[in-house]
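Subject: Structure for your review, with notes

Dear colleague,

Please find below the structure that I would like to hand over to you. My notes on it follow, and I would be glad if you read them with the coordinates open.

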Amino acid sequence: MPEHVGPVLGLLCLFQIKHMFADFFLQTPKMLSGRGEYLHAGRAQHAGVHVLGSILVFVIVGAPVWFVLVICALEWVAHFNIDYCKACYSEKKGLAPNMASFWRAVGTDQALHQLTYLAMTAAWIYYAIG
């Protein structure tokens, strides 16, 4: 196995675990309410929980501090806006869990978050471990 494959797979696994907890176990009622409002404190807090988890993940893999600060700031912006777009779409369409389009919106949201983790991992490979 090439030298960096193990650490890359480890990083992706840690992101998966972090995402599961931040998106499905650690959301508060404040984070879940009023999601269609752009400047929503709950969404900002939710994106912050993701960032704290990512900081922990990057500390585990020994990423440089400058890298962690930059990439996690970008993650906060991405996560905040992905969730906002899903909320606006869901509200506009009146989506509910008993509708197939609700689950397509959830799936798209989750796929975009996963693509964010792939981009973060690629950045780590390129900038942090070269």
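Which residue forms a salt bridge with Lys18, and how far apart are the closest N and O atoms? The partner is Glu75, and the closest N and O atoms of the two are 2.8 Å apart. Glu75 belongs to helix H4 and Lys18 to helix H1, so the pair ties together parts that are 57 residues apart in sequence. Please keep in mind throughout that this is a predicted model. The structure holds one salt bridge, and both of its residues, Glu75 and Lys18, are buried.

Helix H4

Helix H4, which runs over residues 65-93, has 29 residues and reaches 42 Å from its first C-alpha to its last, close to the 42 Å expected at 1.5 Å a residue. Its buried residues are Phe67, Val68, Ile71, Cys72, Glu75, His79, Phe80, Ile82, Asp83, Ala87 and Ser90, and these pack against H1, helix H3 (41-60) and H5. For reading such a list, it helps to recall that an α-helix has 3.6 residues a turn, so residues three or four places apart point the same way. After H4 comes Gly94, whose phi is positive, near 65 degrees.

Tyr84 also lies in helix H4, but it is not among the buried residues of that helix: with a relative accessible area of 21%, Tyr84 is partly exposed, because buried would require a value under 20%. Once neighbours within four places in sequence are left aside, Tyr84 is in contact with Arg35, Gly36, Glu37, Tyr38 and Arg43. For one of these, Gly36, the C-alpha atom is separated from that of Tyr84 by 6.4 Å, although the two residues are 48 residues apart along the chain.

Helix H3

Helix H3 has 20 residues, and from its first C-alpha to its last it reaches 29 Å, which is close to the 28 Å expected at 1.5 Å a residue. The buried residues here are Gly42, Arg43, His46, Ala47, His50, Val51, Gly53, Ser54, Val57 and Phe58, and what covers them includes H1, helix H2 (29-32), H4 and H5. Arg43, listed here as buried, is also one of the residues in contact with Tyr84 of H4. H3, like H4, is followed by a glycine with positive phi: for H3 this is Gly62, with phi near 80 degrees, and for H4 it is Gly94.

Two residues of helix H5

Thr108 lies in helix H5 and is partly exposed, with a relative accessible area of 46%. Measuring from C-alpha to C-alpha in the model, Thr108 and Ile82 are 9.4 Å apart in space and 26 residues apart in sequence; Ile82 is one of the buried residues of H4. Leu118 is likewise placed in helix H5, and its relative accessible area of 44% makes it partly exposed. Leu118 and Leu26 are 92 residues apart in sequence, and their C-alpha atoms are 22 Å apart in space.

Pocket and cavity

About 330 Å³ of space lies in the largest pocket. It is lined by 16 residues, of which Leu32, Arg35, Lys86, Phe102 and Val106 are the closest to its centre. The elements that give two or more residues to this lining are helix H1 (5-25), helix H4 (65-93) and helix H5 (100-129), and H4 gives the most, with five residues. By class, the lining of the largest pocket divides into six nonpolar, four polar and six charged residues. Arg35, named above as close to the pocket centre, is also in contact with Tyr84.

The count of cavities of 30 Å³ or more comes to one, and the largest cavity has a volume of about 30 Å³. Glu75, Ala78, His79, His113, Thr116 and Tyr117 line it, with H4 and H5 each supplying at least two residues of the lining. The lining of this cavity has two nonpolar, three polar and one charged residues. Glu75 thus appears twice in these notes, in the lining of the largest cavity and in the salt bridge with Lys18.

With best wishes

Note on methods: Residues numbered from 1 in each chain as written. Predicted model: local features only at pLDDT ≥ 70, side-chain atom pairs only at ≥ 80, totals over all residues. Heavy atoms only, no water. 1 Å grid on protein atoms, 1.4 Å probe; cavity = no way out; pocket = protein on both sides within 12 Å on 5 of 7 lines; lining within 4 Å. Points joined across faces, edges and corners; volume = space filled by probe spheres on them. Helix = DSSP H or I, 4+ residues; strand = E, 2+ residues; numbered from the N terminus. Nonpolar A, V, L, I, M, F, W, Y, C, P; charged D, E, K, R; others polar. Salt bridge = Lys/Arg side-chain N within 4 Å of Asp/Glu carboxyl O. Buried < 20%, exposed > 50% of the residue type's maximum accessible area, 1.4 Å probe, protein only. Expected span 1.5 Å × (residues − 1). Contact = heavy atoms within 4.5 Å.
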